[in-house]
Amino acid sequence: SLYVIRSGTVSVRLCVDGLEKEVATLGAGAFFGEMSLLTGEPRRATVVAKDDVECYVIDRAPFEQILRHNIGLTEEIGRLLSEREMRNKIDREGLSAEAARAHADHQALLSRIKDFFGLS
């Protein structure tokens with residue numbers, strides 16, 4: 001399903017290697033869920049309401065009818081998806097690097113504790 005926000009605000013979050021990051025805030029008129037609806041891929045982000053939110057829900061069958069009657073809309077949505085996917089990829093890579101640094105810091109601290117106490 002595709003969700004169009006009628007009112008309220010949502011937080012779009014990515015989670016990589018146990019770290020979560022807000023990558024966008026969406027309000028009235030914005031939409032989410034389009035990647036899964038249009039490609040069949042699993043959802044890659046979590047959307048959480050920041051306040052009371054009302055959404056219109058558009059399932060695949062009605063959305064398919066809309067697209068069949070408006071090829072230009074398909075191209076515009078494709079352009080938007082491409083932009084969102086690129087931003088999400090950059091955010092995921094940054095979050096992955098941050099998680100790797102946190103893991104390395106954790107391992108270094110653990111090593112110092114073990115060394116201090118003479119543990120193996």
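## Exercises on strands, rings and cores

In this predicted model, strands E1 and E4 are paired in the antiparallel sense, and 2 bridges join them.

**Exercise 1.** Work out which strands make up the open sheet that contains E1, in what order they stand, and which of them lie at the edges.

*Solution.* Begin with the order of the strands, which is E4-E1-E6 in an open sheet of 3 strands with antiparallel pairing. Next, look at the ends of that order: E4 and strand E6 (54-58) each have a single partner strand, so one side of each is left without a neighbour in the sheet. Then take the two pairings in turn. Between E1 and E4 there are 2 bridges, and within this pairing Tyr 3 has Phe 32 of E4 as its bridge partner. Between E1 and E6, which also run antiparallel, there are 5 bridges, and here Ser 7 is matched with Glu 54 of E6. As background, the strands of a sheet pair through backbone hydrogen bonds, in either a parallel or an antiparallel way.

**Exercise 2.** Find how many aromatic pairs the model has, and explain why the pair of Tyr 3 and Phe 32 is called stacked.

*Solution.* The count of aromatic pairs comes to 1. To describe such a pair one needs the distance of the ring centres and the angle of the planes. For Tyr 3 and Phe 32 the centres are 5.2 Å apart and the planes stand at 15°, so the pair is stacked, given that planes under 30 degrees apart count as stacked. Now place the two residues along the chain: Tyr 3 belongs to strand E1 (residues 2-7) and Phe 32 to strand E4 (residues 31-32), so the pair ties together parts that are 29 residues apart in sequence. Finally, consider accessibility, where Tyr 3, at 25% relative accessibility, counts as partly exposed, whereas Phe 32, at 14%, counts as buried.

**Exercise 3.** Describe the open sheet with the order E3-E2-E5, and follow the pairing of E2 and E3 residue by residue.

*Solution.* This open sheet has 3 strands with antiparallel pairing, and its edge strands, E3 (19-26) and E5 (46-49), each pair on one side only. From one strand to the next the twist averages 30°. Turning to the pairing itself, strand E2 (residues 10-16) is joined to E3 in the antiparallel sense over 7 bridges. Within it, Leu 14 has Lys 21 of E3 as its bridge partner, and Arg 13 stands opposite Glu 22 of E3. The hairpin of E2 and E3 has 2 residues between the strands, and in this hairpin Asp 17 takes a positive phi near 50°.

**Exercise 4.** Identify the residues of the largest nonpolar core, and say which elements give two or more residues to it.

*Solution.* First list the members, 7 residues in all, which are Leu 2, Met 35, Leu 37, Phe 63, Leu 67, Ile 77 and Leu 81. Then assign them to elements: helix H1 (34-39), helix H2 (60-68) and helix H3 (71-117) are the ones that give two or more residues to this core. Phe 63 can serve as an example, since, leaving aside its neighbours within four places in sequence, Phe 63 is in contact with Leu 2, Leu 37, Leu 38, Ile 58 and Ile 77. Apart from this core lies another one of 6 residues, among them Val 10, Val 12, Leu 26 and Phe 32.

**Exercise 5.** Decide whether Asp 51 and Phe 116 are buried, partly exposed or exposed, and give the C-alpha separation of Asp 51 from Gly 8 and of Phe 116 from Gly 29.

*Solution.* Asp 51 is placed in the loop between E5 and E6 and, at 40% relative accessibility, counts as partly exposed. Although Asp 51 and Gly 8 are 43 residues apart in sequence, their C-alpha atoms are 6.0 Å apart in space. Leaving aside neighbours within four places in sequence, Asp 51 is in contact with Gly 8 and Thr 9. Phe 116 is found in helix H3 and, at 68% relative accessibility, counts as exposed. Between the C-alpha atoms of Phe 116 and Gly 29, which are 87 residues apart along the chain, the separation is 57 Å.

How values were computed:
Residues are numbered from 1 along each chain as its sequence is written. This is a predicted model: local features need pLDDT of at least 70, side-chain atom pairs count only at pLDDT 80 or more; totals for chains, interfaces and linings use all residues. Side-chain values use heavy atoms; hydrogens and water are left out. Two strands pair if DSSP finds at least two bridges between them. Helices (H or I, at least four residues) and strands (E, at least two) are DSSP runs, numbered from the N terminus. Axes are lines fitted to C-alpha atoms, for helices over the stretch in contact, and angles run from 0 to 180 degrees between N-to-C directions. Rings of Phe, Tyr and Trp (its six-membered ring) pair if their centres lie within 6.5 Å; planes under 30 degrees apart count as stacked, over 60 as edge-to-face and the rest as tilted. Buried means under 20% relative accessible area, exposed over 50%, partly exposed in between (1.4 Å probe, protein chains only). A nonpolar core is a set of buried Ala, Val, Leu, Ile, Met, Phe, Trp, Tyr and Cys residues joined through side-chain atoms within 4.5 Å. Contact means heavy atoms within 4.5 Å.
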